[in-house]
Amino acid sequence: MAKIGRNTPCPCGSGKKYKHCCEKKEAEMKLRELPSGRFRYEFGSYGGPGRGYVPSIIGYKEIEPNSWKEHLCLVKPETVLEDENAATAIAEKHLAVAQKTLAEGGSPHDFALSLRHEGYNSVSDFHVVSDEG
């Protein structure tokens with residue numbers, strides 16, 4: 001993951017310089033211990049008709065072999081689209097870039113920061129809706 005200059009605009013999109021916005025939070029984030037276990041991620045959209053859709057990524061944690069439970073939901077709240085497929089396509093692209101950081105030897109922190117820099121935030125109380133009957 002490329003180093004961000006202190007005086008460059010913050011990748012979170014706030015318009016502030018990185019040093020006055022996310023630099024300290026991200027340094028602290030890198031020191032935090034990550035949850036143990038195996039995780040997998042799926043891209044999608046969050047929202048509904050009439051409210052719009054935002055790109056989203058669901059993280060699942062393995063609770064036992066081949067059994068997964070929703071662990072977290074990340075959304076890009078600044079990107080509200082009427083087209084659900086367009087929102088999903090954006091999330092797919094961003095997840096692929098974050099996963100590439102891992103494939104190229106990046107850490108789980110680098111994976112998380114990649115998504116944070118794209119504007120994703122965690123949703124604390126989320127509900128997964130299945131397309132299945």
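Trainee: How many salt bridges does a search of the whole structure find?
Mentor: This is a predicted model, and each pair in it is judged by whether a side-chain nitrogen of Lys or Arg lies within 4 Å of a carboxyl oxygen of Asp or Glu. Among the pairs that pass, Glu 42 joins Arg 40 with closest N and O atoms 2.5 Å apart, and Glu 104 joins Lys 100 at 3.7 Å. For the whole structure, the number of salt bridges found is three.

Trainee: Which residue forms a salt bridge with Glu 62, and is Glu 62 buried or exposed?
Mentor: Glu 62 has a relative accessible area of 19%, and because buried means under 20%, Glu 62 counts as buried. Its partner lies in the loop between helix H1 and strand E1, whereas Glu 62 lies in strand E2, so the pair ties together parts that are 24 residues apart in sequence. That partner is exposed, with a relative accessible area of 51%, and the residue is Arg 38.

Trainee: How far from Lys 76 is the nearest side chain of opposite charge?
Mentor: Lys 76 sits in the loop between strand E3 and helix H2, and it is buried yet has no salt bridge. A salt bridge would need the charged atoms within 4 Å, while the nearest side chain of opposite charge, Glu 118, is away by 4.6 Å.

Trainee: Which strands stand at the edges of the open sheet?
Mentor: The four strands follow the order E1-E2-E3-E4, with antiparallel pairing. Two of them have a single partner strand each, so one side of each is left without a neighbour in the sheet, and these are E1 and E4.

Notes
Residues are numbered from 1 along each chain as its sequence is written. This is a predicted model: local features need pLDDT of at least 70, side-chain atom pairs count only at pLDDT 80 or more; totals for chains, interfaces and linings use all residues. Side-chain values use heavy atoms; hydrogens and water are left out. Two strands pair if DSSP finds at least two bridges between them. Helices (H or I, at least four residues) and strands (E, at least two) are DSSP runs, numbered from the N terminus. Buried means under 20% relative accessible area, exposed over 50%, partly exposed in between (1.4 Å probe, protein chains only). Lys and Arg count as positive and Asp and Glu as negative; His and the chain ends are not counted.
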